[in-house]
Amino acid sequence: MRAWIVDRPGPIATGPVRRVERDLPVPGPGEVRVRVSCCGVCRTDLHLAEGDLAPRRYGVVPGHEVVGVVDAVGPGTSRLGVGTRVGVPWLGSTDGSCRFCASGRENLCLSPTFTGWDVDGGYADACLVDERFAYELPAGLDDEAAAPLLCAGIIGYRALTTSGVRPGGRLGIYGFGGSAHLTAQLALALGMRVHVLTRGEGNQRLALELGCHSAGPADGTPPEPLDGSILFAPAGELVPVALRALDRGGTLAVAGIWLSDVPVLDYERELFQERVLRSVTANTRADGEAFLRLAVEHGVRATTVPYAMADADRALDDLAHGRFSGAAVLHNG
Ligand SMILES: [Zn+2]
Ligand SMILES: [Zn+2]
């Protein structure tokens, strides 16, 4: 089969990913093989390609927003039969036994594996997945629409939950890429007032088109104090900016897996009055199931930009340079 690998991590202009020929993988115990129909491009893939996220092993295949159909099953599988349409997410497996797994917090598992980082992902013709960690996809969702929901959507949902904003409350969203525009739609459907702070007029326009209540520059001031915010932009310098825009008791949830350095915080202006700064780390399967249900119920739709799988390098380059709004999805022809 054909597969993209992270060959020499570095700036995207240096060509860190390469397409190679590989043997079709054979599912082991508990695994199924997924024939990939499409795979979303996540910013994490770019961080991995560029070396911001240290590779766990040489030659890993990126991609953790995988949509496809099971075409082979390993020994001992029972949940997903051949022909089932599934989504393969970031969380590839957990140990099921550590103190975090035992307390309903498998997103903090001490020995997890992640798709497209520890184990090969979906920038390929096929990939393997532990059947317990794949999602069966509802029929009302086509392949291209489903792909960005699997990481961008689920992580955004967990960040939204972490921000503590309730229906009717005021939510700030900093940065407006793939994850943010899905989260904004869900927040609006849940009756929140949504203020988007992002660079780029295209992104601001998209936010307003989706029904957000305001859109302005990333370092601007929202028109009202916020009950909670989500920082999607990987820009640590926005942390104090976003904290200052919170109302008393508000929470800033940092959604990214990578963030540039956070400047020194001013306790009085940025943290006092019980403002909370929290990160969001991966997600549980329960988050994923809940989000996919809500996404179908409320018609949460990604704005997608299709690319051929053969053009994965160009899609990453376009993502690095902010050449599109929404989410890129790679298609096998
Ligand atoms: Zn991702
Ligand atoms: Zn665990």
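**Notebook: two zincs, a pocket and some cysteines**

I began with Asp95, and with a relative accessible area of 31% this aspartate is partly exposed. Worth noting at the top of the page: I'm working from a predicted model.

**Zinc ion (ligand 2)**

I looked up what Asp95 is doing there. Together with Cys98, Cys101 and Cys109, Asp95 coordinates the zinc ion (ligand 2), at 2.0 to 2.3 Å. The aspartate gives an OD atom, and the cysteines each give SG. Along the chain these donors follow the spacing D-x2-C-x2-C-x7-C. Asp95 and Cys109 both lie in the loop between β6 and β7 (113-114), so the pair ties together parts that are 14 residues apart in sequence.

What is the arrangement of the 4 donor atoms? I checked the angles: they run from 96 to 118 degrees, which makes it tetrahedral.

Next I checked whether Cys109 is buried or exposed. Cys109 is buried, with a relative accessible area of 7%.

**Zinc ion (ligand 1)**

On to the other site. Which residues coordinate the zinc ion (ligand 1)? I found Cys42 (SG), His64 (NE2) and Cys151 (SG), at 2.0 to 2.2 Å. The spacing of these donors reads C-x21-H-x86-C. Cys42 sits in the loop between β3 (31-40) and α1 (43-50), while His64 sits in the loop between α1 and β4 (66-73), so this pair ties together parts 22 residues apart in sequence.

I went through the accessibility of these donors too. Cys42 counts as buried at 11% relative accessibility, His64 counts as buried at 1%, and Cys151 counts as buried at 7%.

**Disulfides**

With this many cysteines on my page, I wanted the disulfide count. How many disulfides are there? The count comes to 0. I took Cys39 as a test case: the closest cysteine sulfur is in Cys38, 7.6 Å away, and that is too far for a bond. A disulfide needs the two sulfur atoms within 2.5 Å. Cys39 is also buried, at 0% relative accessibility.

**Second largest pocket**

Last stop for today. The second largest pocket has a volume of about 240 Å³. Of the 19 residues in its lining, Glu31, Val119, Asp120, Leu128 and Val129 are the closest to the centre. Which strand supplies the largest share of the lining? I got β8, with 5 residues. Both β6 (91-93) and β8 (126-130) supply at least two residues each. Sorted by class, the lining has 9 nonpolar, 5 polar and 5 charged residues.

Methods. Residues are numbered from 1 along each chain as its sequence is written. Chains are lettered from A and ligands numbered from 1 in the order in which they are written. This is a predicted model: local features need pLDDT of at least 70, side-chain atom pairs count only at pLDDT 80 or more; totals for chains, interfaces and linings use all residues. Side-chain values use heavy atoms; hydrogens and water are left out. Donors are N, O and S atoms within 2.8 Å of the metal (3.2 Å for Na, K and Ca); water is not among the atoms, so sites may look incomplete. Helices (H or I, at least four residues) and strands (E, at least two) are DSSP runs, numbered from the N terminus. Buried means under 20% relative accessible area, exposed over 50%, partly exposed in between (1.4 Å probe, protein chains only). On a 1 Å grid over the protein atoms alone, a cavity is a set of points where a 1.4 Å probe fits but cannot get out, and a pocket is an open set with protein on both sides within 12 Å along at least five of seven lines; lining residues have an atom within 4 Å of a point. Grid points are joined across faces, edges and corners, and a volume is the space filled by probe spheres set on the points. Ala, Val, Leu, Ile, Met, Phe, Trp, Tyr, Cys and Pro count as nonpolar, Asp, Glu, Lys and Arg as charged, and the others, Gly among them, as polar. Four donors count as tetrahedral if all angles lie between 85 and 135 degrees; four count as square planar and six as octahedral if opposite donors are over 155 degrees apart and all others between 65 and 115; anything else is irregular.
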